[in-house]
Amino acid sequence: MPPTNLPTYRLNSTRPTRRKFLQTSAAALSGLTLSSCGWRLADVQSAPITKGASDKLYIYTWEGYTDKALLDRFTEKTGIQVIADVFDSNEAMLARIQAGGGSAYSIIYPSDYMVLLMSELGLLIELDRSLLGGLDRLIKQFQSPVYDPGNRYSVPLAWGTTGLIYNTEKIKYPIEDWDDLWKNQKALSKRMTLLNDLREVMGAALRMLGYSLNTTNPNEIREAYEKLSELKPDLASFTTDAWRPQMLVGDLMVAMCYSSDANEVIPENTNLQYIVPRSGSSLWTDTLVIPKFAPNPEAAYKWINFMLQGDVAASLVDRLSFSTPSEEAFNLLEPEVRENKILFPPQELLAKCQGIAPVGEVTAVYDRYWTKLTSE
């Protein structure tokens, strides 16, 4: 049980989806009073921010990863105002940083594989561990992750898995692995979806075949593409978000999705179940980094330390439906949340999952097969 003198955190069911693309019209966005509460929307065409006042912190984050209450709490604690811009993909974020945005922000929220790429490109500072508190309270596997050994450049913020959500009322046989989609292909025809994500989808086929999620072997990549081509005629679509309402009303029987999205949807329909395929899947992590030309690195360290606080990290589990890498935060969660196998799968399943890593020049091979798969 959590210490009695500390708050505990319970999940609710109203959260933004992970990686939800910005679909609101420009007119609607302009009507939001973002600047008045410390927010502003990223304008890719705008000039980079120059070094500014020490009482302001500009961060570049995923949509839905922060809110006014969190920003106000940080400001009350430090006196520093936070101005948040949002991005909808790692690639869009990287393009902005390379176009000069590296001098605009003091905190950025890249995913695991992007940390590795950005560090290789010389875009990040090596963190001064003497200025950070709480790294020793991270769950062991996050203290020196494969994408950033020793947490030299990044601090993990949230993590999760990719798997399958299915309707147990409509599917009477168990769904346990990726190959169940192929075994039951005709029964599931036009009632199953895969993510609209190259590396996730190709990775699922690779793991099913017993290969690494990050293989650079062209023959293994081709084999994964061929398996997916067999399934393609019976897919309803490649989609990251549209499966949700279709699954809730019963139009879909199974969908590939992120654990955080599944955890949000399942309370709305108790016939739904989420599984991490037994042959393995991807384990993703989103992080905090400081860009090389950050205008306010001192405030950046304060933000990271704030986000490492157990009660703050636990509140993110509640709001975002993500798993926390903080052992302190995990211990603050109510037992029903700690025992939630969607958010915190058994270790034997996690051992079969891999983080997505850059594949260098072989990226072109993945791209070529993905284009063929999605356009045929």
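Tyr58 of strand β1 has Ile83 of strand β2 as its bridge partner, strands being DSSP runs of E with at least two residues and helices DSSP runs of H or I with at least four residues, numbered from the N terminus. That pairing belongs to a set of seven bridges between β1 (residues 56-62) and β2, which run parallel; two strands count as paired if DSSP finds at least two bridges between them. This is a predicted model, in which local features need pLDDT of at least 70 and side-chain atom pairs count only at pLDDT 80 or more, while totals for chains, interfaces and linings use all residues. Residues are numbered from 1 along each chain as its sequence is written, and side-chain values use heavy atoms, with hydrogens and water left out.

Let us stay with β2 for a moment. Six of the seven residues of this strand (residues 81-87) are buried, where buried means under 20% relative accessible area, exposed over 50% and partly exposed in between, using a 1.4 Å probe and protein chains only. Together with helix α2 (residues 68-78), β1 and β2 form a right-handed β-α-β unit. Right-handed here says that, with the strands pointing away from the viewer, the path from the first strand over the helix to the second runs clockwise.

Next along the chain, look at helix α3 (residues 90-98), where Asn90, Met93, Leu94, Arg96 and Ile97 are buried. These residues lie on the same side of α3, because they cover an arc of only 160° around the axis, taken from the directions from the helix axis to the C-beta atoms. An α-helix has 3.6 residues a turn, so residues three or four places apart point the same way. The cover over the buried residues of α3 includes β1, β2, β3 (107-108) and α4 (112-120). After α3 comes Gly100, with a positive phi near 125°.

Stepping back, the protein has 15 helices and nine strands. Of its 376 residues, 55% are buried. Among contacts (heavy atoms within 4.5 Å) with a separation of 6 or more, 77% are between residues 24 or more positions apart.

Now to the interior. In soluble globular proteins, nonpolar side chains tend to be buried together. A nonpolar core is a set of buried Ala, Val, Leu, Ile, Met, Phe, Trp, Tyr and Cys residues joined through side-chain atoms within 4.5 Å, and the largest one here has 94 residues, with Ile107, Tyr109, Trp303 and Met307 making the most contacts inside it. Helix α10 (residues 297-308) supplies the largest share of this core, eight residues. If you set aside neighbours within four places in sequence, Met307 touches Leu70, Tyr109, Leu157, Leu288, Val312, Ala313 and Leu316. There is also a second, separate core of 27 residues, which includes Trp159, Met247, Val317 and Ile342.

Charged pairs add another layer to the picture. The whole structure holds 13 salt bridges, each a side-chain nitrogen of Lys or Arg within 4 Å of a carboxyl oxygen of Asp or Glu. One of them joins Arg278 and Asp177 at 3.8 Å, N to O. This pair links distant parts of the chain, 101 residues apart: Arg278 sits in the loop between β8 (272-275) and β9 (283-289), and Asp177 in the loop between β4 (154-167) and α5 (179-183). Arg278 is partly exposed at 41% relative accessibility, whereas Asp177 is buried at 7%. Both residues also belong to a salt-bridge network with Glu176.

A local example is found in helix α7 (residues 218-231), where Lys227 and Glu230 lie three residues apart, about one turn of the helix. Their closest N and O atoms are 3.5 Å apart in a salt bridge. Lys227 is partly exposed, with a relative accessible area of 24%, and Glu230 is partly exposed as well, at 43%. Asp261 and Arg244 form another salt bridge, at 3.8 Å between the closest N and O atoms. Here Asp261 of helix α9 (residues 259-265) meets Arg244 of helix α8 (residues 243-249), 17 residues away, and both residues are buried.

Finally, two backbone details in loops are worth a look. Asn151, in the loop between α4 and β4, has a positive phi of about 50° although it is not a glycine. Asn151 is buried, with a relative accessible area of 2%. Lys190, also not a glycine, has a positive phi near 65° and is found in the loop between α5 and β5 (192-194).
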